[in-house]
Amino acid sequence: MSNVLQEVLAANHQYAADFGDKKKLAMPPARHLAILTCMDARLDPAKFAGLAEGDAHVIRNAGGRASDDAIRSLVISYKLLGTREWFVIHHTNCGMEFFTNDVMRKLLASSLETAALTAHGFQDIGKGPGSRAGEYVEWLTIANQEQSVRDDVERIRQHPLVPASITIHGYIYDVASGNLLEVAHAQTEDKAA
Ligand SMILES: [Zn+2]
C-alpha cells in the first residue's frame, strides 16, 4: 500500500470514529450557500469561510472558473437543493496565471510527464511522447485575477438557467494572509443591479 493511501485510510478511520450526529445531516446545505473556488491545495474553504459539514456546496476546479460543468453544479445546487447565495472565489498566486492555452497545448504535445515551473514559466523536463489532444481543451487560464472574478460572476449572472433571485459575490482569497478581498463591480444582488 502506498504511504498516501495508508495515511488517508488512517485519517478516515479516526474521522468516522467521531462521526456522531453528522449521520443526521440533511442533504440540502443548511446555510443555503455555494462556493465556487480553485482546487489549489492552500485553500480550505471549510476553514477560511467557517463551514461545517452540511453547511454549503463547495464546487472546485482549476482556477475556480465558471466552466459549463461548474454552472451545471450551481444550477443543481439552487434548483434541487435550495442554495440562494453564491461566492466566486479566485486567489492570489494562482497556478492558472502561469500559462496560456498555447503553452499548455505545447507542453502536452511534447510530454505527458509533469512540467517544472521555472523563471521562464512552465517548461517540460520529462520525456515524450506527448499528445495533441490538449488542442481540444479550453484551459480557462487567468491573466488578471480581478477580471477573471468579474467575468465568472457575470457569466453565471447572465446564464439563462440562473434566476435573478440568486445573490452572487466575487472575492479573491489572499494566500499570503488568509483574507478574502472583495472584487469591485463583481457583486450582484440580481440581474437588474
Ligand atoms: Zn488556483
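Two strands count as paired here if DSSP finds at least two bridges between them. With that in hand, the predicted model can be read from its sheet outwards. Strand E6 (residues 167-173) and E7 clear the bar with three bridges, in the antiparallel sense. Looking at single residues, Tyr-171 has Glu-182 of E7 as its bridge partner.

These two strands belong to an open sheet of five strands, ordered E2-E1-E3-E6-E7, and the pairing in it is mixed. At the edges sit strand E2 (56-61) and strand E7 (180-182), each of which pairs on one side only. From one strand to its neighbour the turn averages 30 degrees, with direction ignored. Helix H3 (residues 68-79) lies across E1, E2 and E3, and its axis runs at about 175 degrees to that of E2.

Next comes the metal site. The zinc ion takes its protein donors from Cys-38 (SG), His-91 (NE2) and Cys-94 (SG), at 2.0 to 2.3 Å. Along the chain these donors are spaced as C-x52-H-x2-C. The long gap in that pattern goes with a link between distant parts of the chain: Cys-38 is in strand E1 (residues 33-38) and His-91 in strand E3 (residues 85-91), 53 residues apart. Both of these donors are tucked away from the surface by the accessibility criterion. Cys-38 has a relative accessibility of 4% and so counts as buried, and His-91 is buried as well, with a value of 1%. Water is not among the atoms, so a site like this one may look incomplete.

Just past Cys-38 the picture changes. Met-39 is placed in the loop between E1 and helix H2 (45-48), and because its relative accessibility is 56%, this residue counts as exposed. Exposed or not, Met-39 has contacts from further along the chain: leaving aside residues up to four places away in sequence, it touches Arg-60, Asn-61 and Ala-62. For Arg-60, which is 21 residues away along the chain, the C-alpha to C-alpha separation from Met-39 is 5.3 Å.

The aromatic rings tell a similar story of links across the sequence. Five aromatic pairs turn up in total. In one of them, Phe-87 and Tyr-171 have ring centres 6.2 Å apart and planes at 40 degrees, so the pair is tilted. This pair joins strand E3, home of Phe-87, to strand E6, home of Tyr-171, across 84 residues. Tyr-171, already met as the bridge partner of Glu-182, has a relative accessible area of 17% and is therefore buried. Another pair is made by Phe-99 and Phe-122: the centres are 6.2 Å apart, but the planes stand at 80 degrees, so this one is edge-to-face. Phe-99 lies in the loop between E3 and helix H4 (101-110) and Phe-122 in strand E5 (residues 121-123), so parts 23 residues apart in sequence are tied together. The two partners fall into separate accessibility classes: Phe-99 is buried at 13%, while Phe-122, with 26%, is partly exposed.

Finally, there is Ser-148, found in helix H5 (residues 145-158). Its relative accessible area is 5%, so Ser-148 is buried. Once residues up to four places away in sequence are set aside, Ser-148 touches Arg-65, His-90 and Ile-142.

Conventions: Residues are numbered from 1 along each chain as its sequence is written. This is a predicted model: local features need pLDDT of at least 70, side-chain atom pairs count only at pLDDT 80 or more; totals for chains, interfaces and linings use all residues. Side-chain values use heavy atoms; hydrogens and water are left out. Donors are N, O and S atoms within 2.8 Å of the metal (3.2 Å for Na, K and Ca); water is not among the atoms, so sites may look incomplete. Helices (H or I, at least four residues) and strands (E, at least two) are DSSP runs, numbered from the N terminus. Buried means under 20% relative accessible area, exposed over 50%, partly exposed in between (1.4 Å probe, protein chains only). Axes are lines fitted to C-alpha atoms, for helices over the stretch in contact, and angles run from 0 to 180 degrees between N-to-C directions. Contact means heavy atoms within 4.5 Å. Rings of Phe, Tyr and Trp (its six-membered ring) pair if their centres lie within 6.5 Å; planes under 30 degrees apart count as stacked, over 60 as edge-to-face and the rest as tilted.
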